[in-house]
Amino acid sequence: MFPGAMFLTGLATLSGLLFYLTSANSGAMVMSNFSASIPDPSQDGPKWLRIFWAILTAVLTVAMLLAGGVTTMEYATLIFALPVTIIAYLVMASFYKVLRMERAEREGQVLRRRSMAPIGGHVPERSWKQRLERLRAFPTLRQVTLFLDRTVRPALDDVAAEFRNQGYEVERSVMTNEIGFEEPLLRVSLDTFRAFHYQVAIVEAPVPMFSGRMTRETDVYYRLEVFTQTGSGGYDLMGLTRQQVIDDVLERYEAHLAFLTISTETDTASVLTPTMPLEDPRSAVPKDAGDIQQLEEKKD
(Lines give C-alpha, C1' and ligand atoms only; values in the text may rest on other atoms or scores of the structure.)
Protein backbone atom coordinates (compact mmCIF):
# COMPACT_ATOMS: atom_id res chain seq x y z
CA MET A 1 0.00 0.00 0.00
CA PHE A 2 2.97 2.38 0.46
CA PRO A 3 5.54 3.56 -2.07
CA GLY A 4 8.75 1.54 -2.09
CA ALA A 5 7.16 -1.34 -0.17
CA MET A 6 9.67 -3.92 -1.46
CA PHE A 7 12.62 -1.69 -0.54
CA LEU A 8 11.29 -1.02 2.95
CA THR A 9 10.49 -4.69 3.51
CA GLY A 10 13.96 -5.71 2.38
CA LEU A 11 15.58 -3.06 4.58
CA ALA A 12 13.57 -4.17 7.64
CA THR A 13 14.47 -7.82 6.97
CA LEU A 14 18.16 -6.95 6.66
CA SER A 15 18.03 -4.92 9.89
CA GLY A 16 16.37 -7.83 11.71
CA LEU A 17 18.99 -10.21 10.32
CA LEU A 18 21.84 -8.02 11.55
CA PHE A 19 20.15 -7.72 14.96
CA TYR A 20 19.88 -11.48 15.38
CA LEU A 21 23.40 -12.01 14.07
CA THR A 22 24.89 -9.70 16.70
CA SER A 23 22.82 -11.39 19.42
CA ALA A 24 23.91 -14.84 18.26
CA ASN A 25 27.52 -13.70 18.13
CA SER A 26 27.27 -12.36 21.69
CA GLY A 27 25.81 -15.65 22.91
CA ALA A 28 28.52 -17.65 21.14
CA MET A 29 31.21 -15.41 22.65
CA VAL A 30 29.81 -15.89 26.18
CA MET A 31 29.70 -19.69 25.76
CA SER A 32 33.22 -19.61 24.34
CA ASN A 33 34.46 -17.70 27.38
CA PHE A 34 32.71 -20.11 29.75
CA SER A 35 34.18 -23.21 28.10
CA ALA A 36 37.76 -21.98 27.58
CA SER A 37 40.74 -21.40 29.86
CA ILE A 38 41.69 -17.73 29.44
CA PRO A 39 44.82 -16.57 31.34
CA ASP A 40 44.27 -12.90 30.51
CA PRO A 41 40.84 -11.63 31.69
CA SER A 42 40.94 -8.83 29.13
CA GLN A 43 40.81 -11.37 26.27
CA ASP A 44 37.97 -13.55 24.96
CA GLY A 45 37.87 -17.22 24.09
CA PRO A 46 39.39 -18.49 20.83
CA LYS A 47 37.49 -17.72 17.63
CA TRP A 48 37.29 -21.35 16.56
CA LEU A 49 35.42 -22.16 19.78
CA ARG A 50 33.05 -19.26 19.17
CA ILE A 51 32.35 -20.60 15.67
CA PHE A 52 31.71 -24.07 17.14
CA TRP A 53 29.09 -22.75 19.57
CA ALA A 54 27.44 -20.63 16.85
CA ILE A 55 27.11 -23.66 14.55
CA LEU A 56 25.84 -25.86 17.40
CA THR A 57 23.24 -23.23 18.34
CA ALA A 58 22.06 -23.03 14.73
CA VAL A 59 21.80 -26.83 14.46
CA LEU A 60 19.78 -27.09 17.69
CA THR A 61 17.48 -24.29 16.54
CA VAL A 62 16.79 -26.03 13.23
CA ALA A 63 16.23 -29.35 15.03
CA MET A 64 13.65 -27.87 17.41
CA LEU A 65 11.86 -26.10 14.55
CA LEU A 66 11.64 -29.37 12.62
CA ALA A 67 10.52 -31.26 15.71
CA GLY A 68 7.61 -29.04 16.68
CA GLY A 69 7.93 -25.51 15.43
CA VAL A 70 7.88 -22.35 17.45
CA THR A 71 5.81 -23.91 20.26
CA THR A 72 8.53 -26.47 20.94
CA MET A 73 11.16 -23.71 21.11
CA GLU A 74 9.02 -21.76 23.60
CA TYR A 75 8.68 -24.79 25.88
CA ALA A 76 12.39 -25.56 25.56
CA THR A 77 13.21 -21.98 26.55
CA LEU A 78 11.11 -22.27 29.71
CA ILE A 79 12.69 -25.61 30.64
CA PHE A 80 16.25 -24.39 30.05
CA ALA A 81 15.59 -21.18 32.00
CA LEU A 82 14.85 -23.07 35.23
CA PRO A 83 18.45 -24.12 36.06
CA VAL A 84 19.70 -20.69 34.98
CA THR A 85 17.27 -19.11 37.47
CA ILE A 86 18.62 -21.32 40.25
CA ILE A 87 22.18 -20.32 39.34
CA ALA A 88 21.16 -16.66 39.34
CA TYR A 89 19.77 -16.95 42.87
CA LEU A 90 22.96 -18.69 44.03
CA VAL A 91 25.04 -15.90 42.50
CA MET A 92 22.94 -13.26 44.29
CA ALA A 93 23.28 -15.11 47.61
CA SER A 94 27.03 -15.38 47.15
CA PHE A 95 27.30 -11.71 46.22
CA TYR A 96 25.32 -10.74 49.32
CA LYS A 97 27.65 -12.82 51.47
CA VAL A 98 30.75 -11.26 49.90
CA LEU A 99 29.36 -7.77 50.52
CA ARG A 100 28.88 -8.60 54.21
CA MET A 101 32.44 -9.93 54.38
CA GLU A 102 33.73 -6.75 52.75
CA ARG A 103 31.74 -4.68 55.23
CA ALA A 104 33.35 -6.59 58.09
CA GLU A 105 36.79 -5.98 56.60
CA ARG A 106 36.16 -2.23 56.16
CA GLU A 107 34.69 -1.81 59.65
CA GLY A 108 37.60 -3.72 61.13
CA GLN A 109 40.01 -1.26 59.52
CA VAL A 110 38.05 1.75 60.78
CA LEU A 111 37.80 0.43 64.33
CA ARG A 112 41.50 -0.37 64.35
CA ARG A 113 42.45 3.11 63.16
CA ARG A 114 39.86 5.83 63.67
CA SER A 115 41.69 8.27 61.42
CA MET A 116 41.23 5.99 58.41
CA ALA A 117 38.44 6.84 55.97
CA PRO A 118 35.51 4.37 56.17
CA ILE A 119 35.59 3.60 52.44
CA GLY A 120 39.08 4.65 51.43
CA GLY A 121 40.72 1.37 52.35
CA HIS A 122 44.42 1.10 53.12
CA VAL A 123 47.25 2.82 51.26
CA PRO A 124 50.87 2.77 52.48
CA GLU A 125 52.19 6.09 53.70
CA ARG A 126 54.54 7.76 51.21
CA SER A 127 56.76 10.80 51.51
CA TRP A 128 55.88 13.85 49.42
CA LYS A 129 58.83 13.14 47.12
CA GLN A 130 57.63 9.57 46.57
CA ARG A 131 54.12 10.81 45.82
CA LEU A 132 55.41 13.34 43.29
CA GLU A 133 57.67 10.78 41.62
CA ARG A 134 54.83 8.26 41.42
CA LEU A 135 52.72 10.68 39.35
CA ARG A 136 55.17 10.42 36.45
CA ALA A 137 56.43 6.86 36.94
CA PHE A 138 55.04 4.12 34.72
CA PRO A 139 57.41 1.17 35.25
CA THR A 140 58.21 -1.49 32.69
CA LEU A 141 58.04 -5.20 33.44
CA ARG A 142 61.80 -5.34 33.94
CA GLN A 143 61.76 -2.45 36.43
CA VAL A 144 58.95 -4.10 38.38
CA THR A 145 60.71 -7.46 38.59
CA LEU A 146 63.96 -5.81 39.73
CA PHE A 147 62.12 -3.92 42.47
CA LEU A 148 60.37 -7.12 43.46
CA ASP A 149 63.69 -8.96 43.86
CA ARG A 150 65.64 -6.16 45.55
CA THR A 151 63.02 -4.70 47.89
CA VAL A 152 59.81 -6.70 48.29
CA ARG A 153 61.21 -10.23 48.64
CA PRO A 154 63.85 -9.26 51.27
CA ALA A 155 61.19 -7.36 53.23
CA LEU A 156 58.85 -10.37 53.28
CA ASP A 157 61.75 -12.63 54.24
CA ASP A 158 62.53 -10.39 57.22
CA VAL A 159 58.90 -10.38 58.36
CA ALA A 160 58.59 -14.15 57.94
CA ALA A 161 61.78 -14.72 59.94
CA GLU A 162 60.56 -12.53 62.81
CA PHE A 163 57.16 -14.25 62.83
CA ARG A 164 58.94 -17.61 63.12
CA ASN A 165 61.19 -16.32 65.91
CA GLN A 166 58.09 -15.45 67.91
CA GLY A 167 56.50 -18.87 67.44
CA TYR A 168 54.12 -18.28 64.55
CA GLU A 169 53.53 -20.89 61.88
CA VAL A 170 54.58 -19.12 58.68
CA GLU A 171 54.65 -20.16 55.04
CA ARG A 172 56.94 -18.17 52.73
CA SER A 173 56.45 -19.36 49.15
CA VAL A 174 55.85 -18.13 45.60
CA MET A 175 53.02 -18.34 43.09
CA THR A 176 53.64 -18.38 39.33
CA ASN A 177 51.44 -16.02 37.31
CA GLU A 178 50.21 -16.46 33.75
CA ILE A 179 53.33 -14.85 32.22
CA GLY A 180 55.71 -17.13 34.14
CA PHE A 181 56.94 -14.76 36.87
CA GLU A 182 57.12 -15.89 40.49
CA GLU A 183 55.14 -13.70 42.87
CA PRO A 184 56.02 -13.75 46.60
CA LEU A 185 53.47 -15.03 49.11
CA LEU A 186 53.43 -14.78 52.90
CA ARG A 187 50.91 -16.82 54.88
CA VAL A 188 50.52 -16.88 58.67
CA SER A 189 48.38 -19.70 60.08
CA LEU A 190 45.85 -18.92 62.80
CA ASP A 191 44.75 -22.40 63.88
CA THR A 192 41.06 -22.89 62.99
CA PHE A 193 40.67 -19.33 61.73
CA ARG A 194 41.31 -17.90 58.31
CA ALA A 195 45.05 -17.58 57.70
CA PHE A 196 46.65 -14.22 57.01
CA HIS A 197 47.44 -14.08 53.28
CA TYR A 198 49.77 -11.45 51.76
CA GLN A 199 50.68 -11.83 48.09
CA VAL A 200 52.41 -9.28 45.86
CA ALA A 201 51.26 -9.71 42.25
CA ILE A 202 52.42 -8.15 38.99
CA VAL A 203 49.43 -6.44 37.37
CA GLU A 204 49.32 -4.84 33.93
CA ALA A 205 47.51 -1.49 33.76
CA PRO A 206 46.85 1.10 31.03
CA VAL A 207 48.85 4.32 31.10
CA PRO A 208 46.51 7.26 31.96
CA MET A 209 45.70 9.70 29.18
CA PHE A 210 46.82 12.64 31.36
CA SER A 211 50.02 11.15 32.70
CA GLY A 212 52.13 14.29 33.00
CA ARG A 213 54.24 13.38 29.94
CA MET A 214 54.12 14.90 26.51
CA THR A 215 54.62 11.56 24.74
CA ARG A 216 54.11 7.95 25.67
CA GLU A 217 56.38 5.12 24.62
CA THR A 218 53.85 2.45 25.55
CA ASP A 219 50.17 2.18 26.42
CA VAL A 220 50.65 -0.09 29.45
CA TYR A 221 52.72 -0.17 32.61
CA TYR A 222 53.04 -2.61 35.51
CA ARG A 223 52.02 -2.41 39.16
CA LEU A 224 52.86 -4.45 42.25
CA GLU A 225 49.48 -4.90 43.91
CA VAL A 226 48.87 -6.57 47.27
CA PHE A 227 46.35 -9.42 47.21
CA THR A 228 44.65 -11.02 50.19
CA GLN A 229 42.10 -13.83 50.20
CA THR A 230 39.38 -11.28 49.46
CA GLY A 231 41.14 -9.86 46.39
CA SER A 232 43.33 -6.92 45.48
CA GLY A 233 44.02 -4.12 47.94
CA GLY A 234 43.90 -1.65 45.05
CA TYR A 235 47.25 0.02 45.69
CA ASP A 236 50.78 -0.20 44.31
CA LEU A 237 53.96 -1.03 46.26
CA MET A 238 56.24 0.21 43.50
CA GLY A 239 58.61 2.91 44.76
CA LEU A 240 58.33 2.11 48.45
CA THR A 241 61.33 1.47 50.64
CA ARG A 242 62.03 -1.87 52.31
CA GLN A 243 60.90 -0.44 55.65
CA GLN A 244 57.64 0.81 54.15
CA VAL A 245 56.88 -2.63 52.72
CA ILE A 246 57.42 -4.17 56.17
CA ASP A 247 55.12 -1.55 57.68
CA ASP A 248 52.47 -2.41 55.10
CA VAL A 249 52.65 -6.13 55.95
CA LEU A 250 52.11 -5.39 59.64
CA GLU A 251 49.27 -2.97 58.86
CA ARG A 252 47.61 -5.66 56.80
CA TYR A 253 48.11 -8.23 59.54
CA GLU A 254 46.50 -5.97 62.13
CA ALA A 255 43.62 -5.30 59.73
CA HIS A 256 43.18 -9.05 59.28
CA LEU A 257 42.92 -9.57 63.05
CA ALA A 258 40.34 -6.78 63.25
CA PHE A 259 38.42 -8.41 60.39
CA LEU A 260 38.25 -11.70 62.30
CA THR A 261 36.68 -9.88 65.24
CA ILE A 262 34.12 -7.91 63.22
CA SER A 263 33.19 -10.90 61.04
CA THR A 264 31.90 -12.77 64.10
CA GLU A 265 29.72 -9.81 65.03
CA THR A 266 28.20 -9.48 61.53
CA ASP A 267 27.53 -13.22 61.07
CA THR A 268 29.73 -13.73 58.00
CA ALA A 269 31.10 -17.18 58.83
CA SER A 270 32.15 -19.19 55.79
CA VAL A 271 35.18 -21.09 54.51
CA LEU A 272 37.03 -17.77 54.46
CA THR A 273 35.92 -16.44 57.86
CA PRO A 274 36.17 -17.73 61.43
CA THR A 275 34.53 -21.05 62.26
CA MET A 276 33.90 -20.09 65.91
CA PRO A 277 33.40 -16.86 67.91
CA LEU A 278 36.58 -15.00 68.70
CA GLU A 279 36.79 -12.33 71.41
CA ASP A 280 40.43 -11.43 70.85
CA PRO A 281 41.83 -12.39 67.40
CA ARG A 282 45.36 -12.44 68.80
CA SER A 283 44.33 -15.43 70.93
CA ALA A 284 44.18 -17.51 67.75
CA VAL A 285 47.98 -17.81 67.93
CA PRO A 286 50.07 -18.94 70.90
CA LYS A 287 51.21 -15.40 71.77
CA ASP A 288 50.15 -12.53 73.97
CA ALA A 289 48.74 -9.16 72.99
CA GLY A 290 52.20 -7.58 72.76
CA ASP A 291 53.26 -9.54 69.69
CA ILE A 292 52.41 -6.81 67.20
CA GLN A 293 54.34 -4.20 69.16
CA GLN A 294 57.33 -6.54 69.43
CA LEU A 295 57.23 -7.11 65.67
CA GLU A 296 57.16 -3.37 65.05
CA GLU A 297 60.13 -2.85 67.36
CA LYS A 298 62.21 -5.57 65.72
CA LYS A 299 61.19 -5.06 62.08
CA ASP A 300 64.21 -2.80 61.43
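This is a short talk about three spots in the structure above.

Hi everyone, and thanks for coming. Please keep in mind that we are looking at a predicted model.

Let's start on helix α1, which runs over residues 5–34 and includes Leu21. Together with Leu14, Leu17 and Leu18, Leu21 makes a nonpolar surface patch of about 380 Å².

Next, please find Ser35, in the loop between α1 and α2, where α2 covers 47–112. Is Ser35 buried, partly exposed or exposed? Its relative accessibility is 41%, so Ser35 counts as partly exposed. What does the side chain of Ser35 reach? One partner is the backbone oxygen of Met31, at 2.8 Å. Another is the side chain of Trp53, through a polar contact of 3.0 Å. If we set aside neighbours within four places in sequence, Ser35 is in contact with Trp53 and also with Leu49. And if you look across to Gly45, 10 residues away in sequence, the C-alpha atoms of Ser35 and Gly45 are 8.1 Å apart.

My last stop is Asn177, in the loop that links β1 (170–176) and β2 (182–190). Here the relative accessible area is 11%, and because the cut-off for buried is under 20%, Asn177 counts as buried. Which polar partners does its side chain have? A polar atom of the Asn177 side chain lies 2.7 Å from the backbone nitrogen of Phe181. The Asn177 side chain also makes a polar contact of 3.1 Å with the side chain of Glu183. Not counting residues up to four places away in sequence, Asn177 touches Glu183 and Ile202.

That's my tour, and I'm happy to go back to any of these spots with you.

How values were computed
Residues numbered from 1 in each chain as written. Predicted model: local features only at pLDDT ≥ 70, side-chain atom pairs only at ≥ 80, totals over all residues. Heavy atoms only, no water. Patch = residues over 30% accessible without salt bridge, like charges linked within 9 Å, V, L, I, M, F, W, Y side chains within 5 Å. Areas by Shrake-Rupley, 256 points an atom, 1.4 Å probe, with all protein chains shown as cover. Salt bridge = Lys/Arg side-chain N within 4 Å of Asp/Glu carboxyl O. Helix = DSSP H or I, 4+ residues; strand = E, 2+ residues; numbered from the N terminus. Buried < 20%, exposed > 50% of the residue type's maximum accessible area, 1.4 Å probe, protein only. Contact = heavy atoms within 4.5 Å. Polar contact = N/O pair within 3.5 Å; in protein donor to acceptor, adjacent residues only side chain to side chain.
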